[in-house]
Amino acid sequence: MGIRSGQIRYRGRPLEALPPERAAGEIGMVFQNPDAQIVMDTVWHELAFGLENLGYPPQVMRSRLAEISALFGLESLLYHPVHQLSGGQKQLLNLASVLLLQPKVLLLDEPTSQLDPVAAREFIQTVYRLSEEMAMTVIISEHRLEEVLPLADRVWLMQDGVLSVQGTPREFARETGKAGAAAAGMQTYLPAATRLYYSLSPEDAAAGPSEVPLTVREGKRWLLDAASAGRRVEKHPMYTSRNKHGDKRMNSKPSSVETTGGEGLLHCREVTFRYEKEAPDVLRKLSLSLYQGEWLAVMGGNGAGKSTLLHILGGLEKPQRGKLSFAKGVRAGYLAQNPLLYFSQDTAAEELGHMAEVSGLGTEEAAREIAGLAETFQLAGVLEQHPLDLSGGQQQKLALAMVLLLRPAVLLLDEPTKGLDPCAKERFAGLLEDLLGQGVSIVTVTHDVEFAARYATRCALLFDGSITAEGTPAEFFGGNYFYTTAVNRMARDLLPEALTLEDVVRAWPNTATRC
């Protein structure tokens with residue numbers, strides 16, 4: 001609970017004065033955690049729940065259900081148990097349930113955090129279309145701004161509880177392009193096209209052209225024009241590489257893990273899995289290996305089976321066919337999407353102490369391990385707080401610290417960057433790179449293309465139950481159309497293997513000369 005001052009008004013009336021049925025019908029909200037919003041057992045029942053509670057007649061309910069199911073492609077899932085849906089499918093279900101009430105105001109908290117790149121793009125376009133065609137007011141709290149920011153009417157940047165920047169998207173881009181804003185880390189919230197513009201432009205670029213690029217199309221046009229003009233680079237200090245374990249950009253990665261002499265830690269051989277006897281296969285003859293010292297990012301569409309694969313690798317599920325084998329002495333640690341699943345004690349310190357007990361650590365050894373993890377994860381100041389009182393990022397760090405007390409040789413992470421702002425995401429990546437340096441191998445399931453391209457050593461695509469493509473980030477993303485970074489879509493005509501801003505900045509002088 002918190003303390004609020006000031007007043008929020010809706011159509012001239014204090015928000016707390018609205019009748020509950022009007023507030024529920026006219027102000028819709030989709031939570032950041034989809035499981036916190038779902039209350040029924042099947043998709044059909046969940047969709048109908050809000051309408052039933054507001055007393056809509058059956059014929060109206062069926063008509064609206066038919067319309068919204070077609071809009072979101074939910075027809076084939078209507079009778080599915082909700083617990084069988086992926087995180088992204090649950091998020092779409094929650095949005096559909098809210099829209100069935102035809103709200104006047106739609107509040108979205110990190111709505112694309114669990115959606116694959118294609119679904120995220122379609123989701124944002126659907127919301128934009130609703131806003132335009134239904135005159136619906138939409139307020140989105142979002143960290144993935146590639147698709148959202150160019151479509152917005154206004155942008156607000158909140159820092160430490162204060163509104164620090166506001167304006168139209170281009171006003172926002174120009175304001176955060178100033179040197180002071182860059183120093184404060186504000187530019188990390190800009191789309192890749194805008195950040196690319198500032199990284200390759202002089203420090204006073206914000207005072208220059210009014211049309212700062214916001215979209216991939218605008219960024220590509222500016223990049224090609226600049227290359228044709230032979231424009232030189234003045235490297236922006238913000239974009240120097242911060243990688244602690246060597247430069248991982250462009251062609252610095254080996255084409256195969258096996259060429260590095262890495263030891264095979266786990267192997268899936270033709271693994272097949274389904275949840276129920278008569279249900280379709282989720283995984284089908286899937287083969288995959290993980291090697292010592294690598295960071296493998298597994299990607300794929302919503303419902304492709306990525307979380308199921310992690311469950312099998314972590315020993316939470318057993319395949320019906322095929323074989324999973326670990327190297328001798330290798331232990332895997334699994335971190336689920338929802339860190340709340342790991343908490344059962346009254347304080348963060350008790351959570352860590354209980355996990356140290358489970359892992360069989362002695363008293364002195366456990367104290368040393370916990371103190372080290374608390375310092376590494378910046379948890380020392382919250383150890384006496386209840387886990388549910390921590391922020392989402394702190395909960396994630398606490399859950400990861402608990403998993404690490406098991407001393408796994410392989411770390412399995414399901415959507416680890418979900419809900420993290422750009423600065424927190426970078427700090428989290430630094431922690432994972434430290435673990436790599438200590439010999440821990442990592443498998444992440446993620447929809448965050450930019451994160452995977454920047455930090456992973458190998459990427460794999462899960463489709464139709466099996467791995468259909470894999471390779472280094474340059475190999476994997478370079479040939480993709482949707483599953484690639486915004487920077488690659490802008491720069492691929494000049495630099496086909498460039499995935500990140502750093503790639504373009506380092507290669508740009510040669511490119512400009514060649515053009």
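Is Ser325 buried or exposed? The points below take up that residue, then a surface patch, then the whole protein.

1. **The model.** This is a predicted model. Read every value here as computed from it.

2. **Ser325 and burial.** Ser325 counts as buried because its relative accessibility is 18%, and the cut-off for buried is under 20%. Ser325 is part of strand E11, which covers residues 321–326.

3. **The neighbours of Ser325.** Leave aside residues up to four places away in sequence. Ser325 then touches Leu265, Leu266, His267 and Arg269. With Arg269 there is also a polar contact, side chain to side chain, at 3.4 Å. Find strand E11 in the structure, then look for Arg269 beside Ser325.

4. **A nonpolar patch.** Now turn to the surface. Trp156, Met158 and Leu163 make a nonpolar patch there, of about 320 Å². One of these residues, Trp156, sits in strand E6, which runs over residues 155–159.

5. **Secondary structure.** Strands E6 and E11 belong to a longer list. The protein has 18 helices and 16 strands.

6. **Burial and surface overall.** The protein has 515 residues, and 50% of them count as buried. Ser325 is one of the buried residues. The exposed area of the protein is about 24400 Å², with 51% of that area supplied by carbon and sulfur atoms.

7. **Contacts along the sequence.** Take the contacts between residues at least 6 apart in sequence. Of these, 67% join residues at least 24 apart. The contact of Ser325 with Leu265 shows what such a pair looks like in the structure.

Methods
Residues numbered from 1 in each chain as written. Predicted model: local features only at pLDDT ≥ 70, side-chain atom pairs only at ≥ 80, totals over all residues. Heavy atoms only, no water. Helix = DSSP H or I, 4+ residues; strand = E, 2+ residues; numbered from the N terminus. Buried < 20%, exposed > 50% of the residue type's maximum accessible area, 1.4 Å probe, protein only. Polar contact = N/O pair within 3.5 Å; in protein donor to acceptor, adjacent residues only side chain to side chain. Contact = heavy atoms within 4.5 Å. Patch = residues over 30% accessible without salt bridge, like charges linked within 9 Å, V, L, I, M, F, W, Y side chains within 5 Å. Areas by Shrake-Rupley, 256 points an atom, 1.4 Å probe, with all protein chains shown as cover. Salt bridge = Lys/Arg side-chain N within 4 Å of Asp/Glu carboxyl O.
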